[in-house]
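Please open the model in your viewer and keep the sequence panel beside it. The tour below goes from one selection to the next and says what is to be found at each stop.

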Amino acid sequence: QVQLVESGGGLVQTGGSLRLSCESSGGTINDYRMGWFRQAPGKEREFVAAISRPGGSQFLADSVKGRFFISRNNAKNTVHLQMNSLKPEDAAVYYCAADRGISGRYYDPAEYDYWGQGTQVTVSS
């Protein structure tokens with residue numbers, strides 16, 4: 001079973017940047033679509049970004065386009081989320097996830113099979 005661990009969260013001021021990392025301890029992630037989701041208190045889990053299995057296709061939520069970037073390093077079994085120009089609305093627990101299926105619904109958390117425990121991102125004014 002793939003086990004995912006996020007890191008890199010913390011406190012950042014509005015307009016700042018943060019880079020999240022997710023490492024898999026379950027072997028290669030070559031065959032997995034990798035995604036990032038976030039969830040703020042009292043809110044539903046929200047899609048942030050996803051990257052295809054080959055790593056050639058990236059998908060970003062409209063709210064983060066132009067600011068966030070997802071990448072993967074299959075050799076190191078890691079995926080990253082670079083977050084720039086952070087806003088208070090970006091504050092949430094960020095989760096990485098792995099999808100072993102073939103569905104095109106990269107935005108749907110139900111499609112993902114493995115989840116990390118999350119890393120907290122706090123954005124202050």
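Select S85 to begin, and you will be in the loop between β8 and β9 of this chain, in a model that is predicted. If you display the backbone angles here, the phi of S85 comes out near 50°, a positive value in a residue other than glycine. As background to that angle, most residues other than glycine have a negative phi. S85 counts as partly exposed, because its relative accessibility is 39% and the partly exposed class runs between 20% and 50%.

Go next to N77, which sits in the loop between β7 (68-73) and β8 (78-83). N77 also has a positive phi, of about 55°, although it is not a glycine. Is N77 buried or exposed? With a relative accessibility of 17%, N77 counts as buried, since the cut-off for that class is under 20%.

**A stop in another loop**

Now select S63, whose place is in the loop between β6 (58-60) and β7. S63 is partly exposed, with 29% as its relative accessible area. Which residues does S63 touch, once its neighbours within four places in sequence are left aside? Showing the side chains around it will bring up R38 and E46, with which S63 is in contact. If you then draw a distance from the C-alpha atom of S63 to that of G27, the two are separated by 32 Å, while along the chain they are 36 residues apart.

**The disulfide**

Select C22 and C96 together and show their side chains as sticks, for this is the place of the 1 disulfide that the structure holds. The link joins C22 to C96, with a distance of 2.0 Å from S to S. A disulfide is a covalent bond between the sulfur atoms of two cysteines. Looking at the torsion about the S-S bond, you will find 55°, and the link of C22 and C96 is right-handed.

Which strands hold the two cysteines? C22 belongs to strand β3 (residues 18-24) and C96 to strand β9 (residues 92-99), so that the pair, 74 residues apart, links distant parts of the chain. Both ends can be coloured by accessibility: C22 counts as buried at 1% relative accessibility, and C96 is buried as well, at 0%.

**M34 and its surroundings**

Move on to M34, which is found in strand β4 (residues 33-39). M34 is buried, because its relative accessible area is 1% and that value falls under the 20% cut-off. Expand the selection to the residues in contact with M34, leaving out those up to four places away in sequence, and the set includes L4, I29, A49, A50, I51 and I70. The same set of contacts of M34 also has R72, V79, A97, A98 and Y112 among its members. For a distance across the model, pick the C-alpha atoms of M34 and Q13, which are separated by 27 Å and lie 21 residues apart along the chain.

**Y112, a contact of M34**

From M34, step to Y112, one of the residues that M34 touches. Y112 is placed in the loop between β9 and β10 (114-115), and with a relative accessible area of 5% it is buried. How far apart are the C-alpha atoms of Y112 and G35? They are separated by 8.2 Å, although the two residues are 77 residues apart along the chain. Beyond its neighbours within four places in sequence, Y112 is in contact with R33, M34, G35 and F37, and also with A50, A97, A98, D99 and Y106.

**Stepping back to the chain**

Finally, clear the selection and show the chain as a cartoon, where the secondary structure comes to 0 helices and 11 strands. The radius of gyration of the chain is 13 Å, close to the 14 Å that the globule rule gives for 125 residues, so the chain is as compact as a globular protein of that length. Along its principal axes, the C-alpha trace spans about 40 × 25 × 25 Å.

Colouring by burial shows buried residues making up 46% of the 125 residues. Of the contacts between residues at least 6 apart in sequence, 58% join residues at least 24 apart. With a surface drawn, the chain exposes about 6,400 Å², of which carbon and sulfur atoms supply 45%. Colouring by charge picks out 13 positive and 12 negative side chains, and the centres of the two sets lie 4 Å apart.

Technical notes. Residues numbered from 1 in each chain as written. Predicted model: local features only at pLDDT ≥ 70, side-chain atom pairs only at ≥ 80, totals over all residues. Heavy atoms only, no water. Helix = DSSP H or I, 4+ residues; strand = E, 2+ residues; numbered from the N terminus. Rg over C-alpha atoms; globule rule 2.2 N^0.38 Å. Buried < 20%, exposed > 50% of the residue type's maximum accessible area, 1.4 Å probe, protein only. Contact = heavy atoms within 4.5 Å. Areas by Shrake-Rupley, 256 points an atom, 1.4 Å probe, with all protein chains shown as cover. Lys, Arg positive; Asp, Glu negative; His and termini not counted. Charge placed at Lys NZ, Arg CZ, Asp CG, Glu CD. Disulfide = S-S within 2.5 Å.
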